[in-house]
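Here's a chain to look over together. Have the sequence and the 3D view open, and we'll walk through them step by step.

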Amino acid sequence: MRQYSTGTWGIGLIFSLRGSVFPKALAWALPAAGLAVAFHFLSNMNEDFRLFIDEGLGTHLRTSQLFVAYNFLFSFILTFRSSQA
C-alpha cells in the first residue's frame, strides 16, 4: 500500500507531483495552447493569414461548423467512455 505524507497542515498531498497526471497533461496542453495563441495573434495581426484560413476552409465549411463537429465527437466519446466504466 502506498504511504502518503500529508505535510504540516494536512494539505501537502494536494500539491504533490509524485503520482500526479499534471506533468504529463501539461506536456500535451502547453504546446497546443501555444499554437492556439500563435494562430489567434496571426489572424488578428495579418489580414492575409485570415483570408488564407477562410479560403482554405472553403465556403461550405466554416469555423462554427468545425466547432460543432468537434463538440459532437467529444460528447459522443465522453458518453461512450462513461457508459463503459
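What share of the 85 residues in the chain is buried? Buried residues make up just 2% of them, where buried means under 20% relative accessible area, exposed means over 50%, and partly exposed is anything in between (1.4 Å probe, protein chains only). The chain exposes about 8,100 Å², and carbon and sulfur atoms supply 70% of that; accessible areas come from the Shrake-Rupley method with a 1.4 Å probe, and for residues only the protein chains shown count as cover.

Keep in mind that this is a predicted model, in which local features need pLDDT of at least 70, side-chain atom pairs count only at pLDDT 80 or more, and totals for chains, interfaces and linings use all residues. Residues are numbered from 1 along each chain as its sequence is written, and side-chain values use heavy atoms, with hydrogens and water left out.

As for the fold, the chain has 3 helices and 0 strands, so called when DSSP gives a run of H or I of at least four residues (helix) or of E of at least two (strand), numbered from the N terminus. Read along the sequence, that gives α-α-α. The average pLDDT (the predictor's confidence in each residue, from 0 to 100) is 78, and 71% of the residues score at least 70. Among the elements, helix α1 (residues 22-45) has the highest mean, 88, and helix α2 (residues 47-57) the lowest, 71. Where pLDDT is low, the predicted coordinates should not be read in detail.

Now for some aromatic rings. Rings of Phe, Tyr and Trp (its six-membered ring) pair if their centres lie within 6.5 Å; planes under 30 degrees apart count as stacked, over 60 as edge-to-face and the rest as tilted. By this rule there are 2 aromatic pairs. Tyr70 and Phe74 are stacked, 6.3 Å centre to centre with 15 degrees between the planes. They sit 4 residues apart in helix α3, so about one helical turn separates them. Phe72 and Phe76 are stacked too, at 6.5 Å and 20 degrees. These two are also 4 residues apart in helix α3, and therefore separated by about one helical turn. Both Phe72 and Phe76 are exposed.
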